[in-house]
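Me: I would like to learn how to read a fold from its contacts. Can we go feature by feature?

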Amino acid sequence: MPSEVATFIPLSVPEIGGNEWKYVKDCLDTGWVSSVGSYVTQFEEMFKTRLGVASAVACANGTSAIHAALLCVGVQPGDEVITSSLTFIAPVNAIRYANAVPVLLDSRLDTWLLDEILVQAYLTERCEIRNGETFNRDTGRRVSAIVPVHLLGHPCNMDALLGLARHYNLKVVEDATESLGAFYQGQPVGTLGDAGCFSFNGNKLITTGGGGMIVTQNPELGRRAKYLTTTAKDDDIEFIHGAIGYNYRLTNLAAALGCAQMERLDEFLAKKQAIAATYDGALAAYPAIDPLPRPAGTESALWLYTIRMRGQSSRGLLKFLADNKVQSRPLWQPNHLSPAHNDLPHQPCPVAEKLNQECLSLPCSVGLSESDQNRVLRLITSYLA
Ligand SMILES: *Cc1c(COP(=O)(O)O)cnc(C)c1O
């Protein structure tokens, strides 16, 4: 291989190059730095317009957004909440913050997303409907919600999941934290369920440093979300709090970053498409490599470009890339195996375990240069040869 200047290529880093400095400076100059301010309102308005929703409530991060959304849709302590085992840990943690019991189900091998057939089997075989509510026959627990996690930018099969939710009277809180900009049958992801949650962590498509958003078509639910995330304050002067709320609001400083990032969302999405197309094209020659799946009827946001090395562990390639200063990452440890959650009763999840072993996310920052992407591809092809 010709000698190359081996600079480090990270997996996914923020792209800061628009109005971020200007808007943050405005916060500093005016003193509006905390959890009230015009940028918070503007950031929420931008989400409402972009997604066409009734309410958008900015939160401290994506995890707090999911926690608050679960409480707002009515998840009660002791309830069961269905989600996928194969996900970043945040939604499973959030279910437990609500003192509910995560039911971790396996993923589909073709889409890598929550397997709706297993959700259906769980509900039909293990549960029964009593007085309009669904109960697990064995545990006696109420089943109150599904949290579909739209992993890596791909929408879950929402037709199937929403159909089951309607039949079993379950609420749906979409974890759309990895999927801002994705569409399911023409509808923005995050707007299909009762509530949808986004994240603006540093490695997400747009970032506020740390931040999150709850969106909903239900204005009453939106009001509840704002109330609960603002310490449930009923009276601004006397500080009367109607419930045990949370200090989960986003700061104006962070929202200023978010407004600047949102202005460039389409540009960022286009860049992710271009990066994915280059990877897809170059790796098509390798039959043992499955490219990132594109579920039918969906438009993926292509957040983290990920390959599956069919029948092979991805860790050899991970190490080879790391030795050559290229960062890559396997898919998360399935939560049924996590030391944090392996106390939960769970079903076998062989697909999640397989995908954890065989998948690898490749560098795909919005600012990734063509020459850096080519270096990654040269390394991958030399490893496979
Ligand atoms: C990023 C992410 C979240 C939220 O993360 P925060 O760091 O709390 O913003 C939730 N779920 C998934 C699947 C994620 O990837």
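Me: In which helix does leucine 70 lie?

Reply: A note before we start: this is a predicted model. Leucine 70 lies in helix α3.

Me: Is leucine 70 buried or exposed?

Reply: Burial is judged by relative accessible area, with under 20% counting as buried. Leucine 70 is buried, because its relative accessibility is 0%.

Me: Which residues does leucine 70 touch, beyond four places in sequence?

Reply: Skip the sequence neighbours and read the rest. Leucine 70 touches Val75, Val81, Ala94, Ile95, Val147 and Val173. For a distance in space, take lysine 233: it is 163 residues from leucine 70 in sequence, and the C-alpha atoms are 19 Å apart.

Me: Why look for nonpolar side chains in groups?

Reply: In soluble globular proteins, nonpolar side chains tend to be buried together. Now the case here. The largest nonpolar core has 117 residues. Phe43, Phe47 and Ile214 touch the most other members.

Me: What is phenylalanine 47 in contact with, apart from neighbours within four places in sequence?

Reply: The partners of phenylalanine 47 are Gly52, Val53, Ala56, Leu180, Phe198, Phe200, Met213, Val215 and Met262.

Me: Met262 is also part of a helix. How many of the residues of α8 are buried?

Reply: For a helix, count the covered residues, then ask what covers them. In α8, residues 252-262, 9 of 11 residues are buried. Among them are Asn252, Gly258, Gln261 and Met262. The buried residues of α8 pack against α1 (20-30), α2 (38-51) and α9 (265-283).

Me: Now the ligand. Which residues come nearest to the ligand?

Reply: Start with the shell, then go to atom pairs. There are 16 residues around the ligand, and Thr63, Asp175, Glu178, Ser199 and Lys204 come nearest. By class, the shell holds 5 nonpolar, 8 polar and 3 charged residues.

Me: Which side chains have an N or O atom listed with an oxygen atom of the ligand?

Reply: Threonine 63 has a side-chain N or O atom 2.5 Å from a ligand oxygen. For serine 199, the corresponding distance is 2.6 Å. Backbone atoms deserve a look too: a polar backbone atom of glycine 62 is 2.8 Å from a ligand oxygen.

Me: How much of the ligand's accessible area does the protein cover?

Reply: Compare the ligand on its own with the ligand in place. Alone, the ligand has 380 Å² of accessible area, and the protein covers 91% of that. Next, map the shell onto elements. Those that give two or more residues are α3 (62-73) and α4 (90-97). The largest share, 3 residues, comes from α3.

Me: And loops? Where does histidine 336 lie?

Reply: Read a loop residue by its flanking elements first. Histidine 336 lies in the loop between α10 (315-323) and α11 (350-358). Histidine 336 counts as buried because its relative accessibility is 2%. The side chains of histidine 336 and serine 85 form a polar contact of 2.7 Å. Beyond four places in sequence, histidine 336 touches Ser85, Leu104, Asn342, His346, Cys349 and Glu353.

Me: One last loop residue. What is the place of proline 363?

Reply: Proline 363 is in the loop between β17 (359-361) and α12 (370-384). Proline 363 is buried, at 0% relative accessible area. Outside four places in sequence, its contacts include Ile9, Pro10, Leu11, Tyr279 and Val376.

How values were computed. Residues are numbered from 1 along each chain as its sequence is written. This is a predicted model: local features need pLDDT of at least 70, side-chain atom pairs count only at pLDDT 80 or more; totals for chains, interfaces and linings use all residues. Side-chain values use heavy atoms; hydrogens and water are left out. A residue is near a molecule or strand if one of its heavy atoms lies within 4 Å of it. A polar contact is a pair of N or O atoms within 3.5 Å; within protein, one must be able to donate a hydrogen and the other to accept it, and residues adjacent in sequence count only if both atoms are side-chain atoms. Accessible areas come from the Shrake-Rupley method with a 1.4 Å probe; for residues, only the protein chains shown count as cover. Helices (H or I, at least four residues) and strands (E, at least two) are DSSP runs, numbered from the N terminus. Ala, Val, Leu, Ile, Met, Phe, Trp, Tyr, Cys and Pro count as nonpolar, Asp, Glu, Lys and Arg as charged, and the others, Gly among them, as polar. A nonpolar core is a set of buried Ala, Val, Leu, Ile, Met, Phe, Trp, Tyr and Cys residues joined through side-chain atoms within 4.5 Å. Buried means under 20% relative accessible area, exposed over 50%, partly exposed in between (1.4 Å probe, protein chains only). Contact means heavy atoms within 4.5 Å.
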